[in-house]
Amino acid sequence: MRPLTEQETQTLFKKLADYTGPSLKNLIAPLDNTPNADRYVFRLSGQNRVYYVLLSLANIATSISRDKLLSLGVCIGKFTKTGKFRMHITALPVIAPHARHKIWIRPNGVMPFLYGSNVVKAHVGRYSEDCPEHQGVVVYSMEDTPLGFGVTARSTIEARRLDPTGIVCFRQADCGEYLRDEDALFSTG
């Protein structure tokens, strides 16, 4: 595992900022105010996967050879061959507490979302206010359980005027992937 280059860091932070907004700095801030406080960092593995890990743990992991170390910390996503960053569902526990925009879906919309469908207006219970179009959102159940994340198809104002079958949010990842894609989700290839 190695630190990210400047270009990789910018690409990663742009993607994360779509979901977290200004609270992105809280992801990498020191855990407390002591001089030698530990903090979280991002590290890249040999398979172009990015991991979110404590700096102290990343430093200890340098004693393990790269070909023997499969993962460390939380997998945020991976870089594609074209240099774009694709977030995985495993990033949900990291981005959900810091999400700027949220959509809560009704109980009748939870199963369709977890089976890989987009969020339609009939399934929406609540929106975050003033959410623009093409903005990253975290999708919650009405019980405030994070289910996945996606990108808004319409702004909050436009979405309120849609018919019930209109798409409000394009699904990017959902918790159902743990079962649907279990063979490929954590593969090392």
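Start by selecting Asp-144, which is found in the loop between β9 and β10; here helices (H or I, at least four residues) and strands (E, at least two) are DSSP runs, numbered from the N terminus. The model in your viewer is a predicted one, in which local features need pLDDT of at least 70 and side-chain atom pairs count only at pLDDT 80 or more, while totals for chains, interfaces and linings use all residues. Residues are numbered from 1 along each chain as its sequence is written, and side-chain values use heavy atoms, with hydrogens and water left out.

Stay on Asp-144 for a moment. Its phi is near 65°, a positive value in a residue other than glycine, and the hairpin of β9 and β10 in which Asp-144 sits has four residues between the strands. With a relative accessible area of 47%, Asp-144 is partly exposed, where buried means under 20% relative accessible area, exposed over 50%, and partly exposed in between (1.4 Å probe, protein chains only).

Next, select His-134, in the loop between β8 and β9. His-134 also has a positive phi, of about 60°, although it is not a glycine, and its relative accessible area of 57% makes it exposed.

**Along β9 and its sheet**

Now colour β9 (136-141), a strand that is mostly covered, since six of its six residues are buried. Gly-136, Val-138 and Tyr-140 lie on one side and Val-137, Val-139 and Ser-141 on the other, and both of these faces are covered.

Which strands pair with β9? One is β6, which pairs with β9 in the parallel sense over four bridges, and in this pairing Trp-104 has Tyr-140 as its bridge partner. Another is β10, joined to β9 by five bridges and running antiparallel to it, with Gly-136 standing opposite Val-151 in β10. Two strands are said to pair if DSSP finds at least two bridges between them. Strands of a sheet pair through backbone hydrogen bonds, either parallel or antiparallel.

Widen the selection to the open sheet of six strands, which has the order β7-β11-β10-β9-β6-β8 and mixed pairing. At its edges stand β7 (119-120) and β8 (124-127), each with a single partner strand, so one side of each is left without a neighbour in the sheet. The strand β7 is joined by two bridges to β11 (residues 167-174), and these strands run antiparallel; within β11, Cys-169 is the bridge partner of Val-119.

Add helix α5 (residues 107-114), which lies across β6, β7, β9, β10 and β11 and runs at about 80° to β10. Axes are lines fitted to C-alpha atoms, for helices over the stretch in contact, and angles run from 0 to 180 degrees between N-to-C directions.

Then select His-123, in the loop between β7 and β8. Is His-123 buried or exposed? At 15% relative accessibility, His-123 counts as buried. Leaving aside residues up to four places away in sequence, His-123 touches Trp-104, Ile-105, Arg-106, Asn-108, Gly-109 and Pro-112, where contact means heavy atoms within 4.5 Å.

**The other sheet**

Move to the open sheet of five strands, whose order is β1-β2-β3-β4-β5 and whose pairing is antiparallel. Its edge strands are β1 (2-3) and β5 (85-87), each of which pairs on one side only. Three bridges join β4 (residues 74-79) to β5, and Phe-79 stands opposite Phe-85 in β5. Lying across β1, β2 (40-44), β3 (49-54), β4 and β5 is α1, which runs at about 40° to β5.

After α1 (6-20), select Ser-23, in the loop that leads to α2 (25-28). Ser-23 counts as buried at 17% relative accessibility, and a polar atom of its side chain lies 2.9 Å from the backbone oxygen of His-98.

**Between the domains**

Finally, colour domain 1 (2-94) and domain 2 (101-179) as given by the domain assignment of the chain, with bounds that come from an automatic or database domain assignment. Their centres, taken over C-alpha atoms, are separated by 26 Å, and eight residues of domain 1 are in contact with 17 residues of domain 2. The area buried between the domains is about 910 Å², of which carbon and sulfur atoms give 65%; buried area is the accessible area (1.4 Å probe) that two parts lose on being put together, summed over both. To end, select Tyr-19, Ile-89 and Leu-92, which supply 70% of the area that domain 1 buries against domain 2, more than any other three residues.

Methods. Polar contact = N/O pair within 3.5 Å; in protein donor to acceptor, adjacent residues only side chain to side chain.
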